[in-house]
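Please work through the exercises below with the sequence and the coordinates at hand. Each task is followed by a stepwise solution.

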Amino acid sequence: MENESNNASPVTEEERAAAVAMYTTLCAALDDDGLQYIKDPENYSVRLKLQGECLPVGLAITVEPGRYIVSFISGLPFRVAAERRREAAVAVSIVNNLLTLGSFDYDFRDGSIMFRMTLNYSDSLISRDALSYTTFLTCKTVDMFNGHLMMYTGGAMSLDDFRAAAERAVGKRK
């Protein structure tokens, strides 16, 4: 099934052509970086997995034709236990307040956390370098916080220690 975006109206040929061009540029950027990934051209998406310092970082990148955006989404490889879900909400809020680009989303119902960043390509072309950098930045951001989020939400770190570690990760505290 083709990615027809979240819009109510069907994707136009112009939107589809722009998405194909963006998807081609995305794949070329990943190839230039020597990354191994799985293509899903029908849905204008790719999936890749990299090993971070502490945990693996999975990334799905999708070109959304009707919305003219490229979404970078990385789900963290753990779920927060039901009894620690309020703490996870606090932790995600702390991290999001430190970020300049992108944000972590938290689903209180199932304890899942993911990072999301988007680029808009409406009336423009995004270069290979910009796609490469956004891929790197997404993975780097997830890698900076996923271990600390796992430790804090698992009860292995205090809130004060978590906050200090998060601030150190972005250089706001020594």
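The exercises treat the sheet, a helix pair and three individual residues.

The model is predicted, so local features need pLDDT of at least 70, side-chain atom pairs count only at pLDDT 80 or more, and totals for chains, interfaces and linings use all residues. Residues are numbered from 1 along each chain as its sequence is written, and side-chain values use heavy atoms, with hydrogens and water left out.

**Exercise 1. The sheet**

Task: Determine the order of the strands in the open sheet and state which strands stand at the edges.

Solution.
Step 1. Helices (H or I, at least four residues) and strands (E, at least two) are taken as DSSP runs, numbered from the N terminus. Two strands pair if DSSP finds at least two bridges between them.
Step 2. Strand β1 (residues 38-40) runs antiparallel to strand β2 (residues 45-51), to which 3 bridges join it. Within this pair, Ile-38 has Arg-47 of β2 as its bridge partner. The hairpin of β1 and β2 has 4 residues between the strands, and Tyr-44 takes a positive phi near 50° there.
Step 3. Over 7 bridges, β2 pairs in the antiparallel sense with strand β3 (residues 56-64). Leu-48 stands opposite Leu-59 of β3, and 4 residues lie between the two strands of this hairpin.
Step 4. Strand β4 (residues 69-79) and strand β6 (residues 112-120) form an antiparallel pair with 8 bridges; here Arg-79 is partnered by Ser-112 in β6.
Step 5. The open sheet of 6 strands has the order β1-β2-β3-β4-β6-β5, with antiparallel pairing. β1 and β5 (103-107) are at the edges with a single partner strand each, so one side of each lacks a neighbour in the sheet. On average, neighbouring strands are turned by 25° against each other, direction ignored.

**Exercise 2. Packing of α3 and α4**

Task: Describe how α3 and α4 are oriented to each other and which residues meet.

Solution.
Step 1. Axes are lines fitted to C-alpha atoms, for helices over the stretch in contact, and angles run from 0 to 180 degrees between N-to-C directions. Helix α3 (residues 128-153) and helix α4 (residues 159-169) pack at about 180°, and their axes are 10 Å apart.
Step 2. Angles under 35 degrees count as roughly parallel, over 145 as roughly antiparallel, 65 to 115 as roughly perpendicular and the rest as oblique. α3 and α4 are therefore roughly antiparallel to each other.
Step 3. With contact meaning heavy atoms within 4.5 Å, Met-144, Phe-145, His-148, Leu-149 and Tyr-152 of α3 meet Leu-159, Phe-162, Ala-165, Ala-166 and Ala-169 of α4.
Step 4. Buried means under 20% relative accessible area, exposed over 50%, partly exposed in between (1.4 Å probe, protein chains only). In α4, Phe-162, Ala-164, Ala-165, Ala-166 and Glu-167 are buried, and these residues pack against α2 (85-98) and α3.
Step 5. After α4 comes Gly-171, with a positive phi near 80°.

**Exercise 3. Asp-143**

Task: Is Asp-143 buried or exposed, and which residues does Asp-143 touch?

Solution.
Step 1. Asp-143 is found in helix α3 and counts as buried, because its relative accessibility is 17%.
Step 2. Not counting residues up to four places away in sequence, Asp-143 touches Gly-52, Glu-53, Cys-54, Leu-55 and Val-57.
Step 3. A polar atom of the Asp-143 side chain lies 2.9 Å from the backbone nitrogen of Glu-53.
Step 4. Asp-143 and Leu-50 are 93 residues apart along the chain, and their C-alpha atoms are separated by 9.8 Å.

**Exercise 4. Ser-74 and Val-80**

Task: State where Ser-74 and Val-80 are found and what each touches.

Solution.
Step 1. Ser-74 is found in strand β4 and is buried, with a relative accessible area of 0%.
Step 2. The side chain of Ser-74 has a polar atom 2.5 Å from the backbone oxygen of Gly-58. Residues touched by Ser-74, beyond four places in sequence, include Leu-59, Phe-115 and Val-142.
Step 3. Val-80 is found in the loop between β4 and α2 and is buried at 2% relative accessible area.
Step 4. Beyond four places in sequence, Val-80 touches residues including Ala-88, Tyr-106 and Thr-153. The C-alpha atoms of Val-80 and Met-150 are separated by 7.9 Å, with the two residues 70 apart along the chain.

How values were computed:
Polar contact = N/O pair within 3.5 Å; in protein donor to acceptor, adjacent residues only side chain to side chain.
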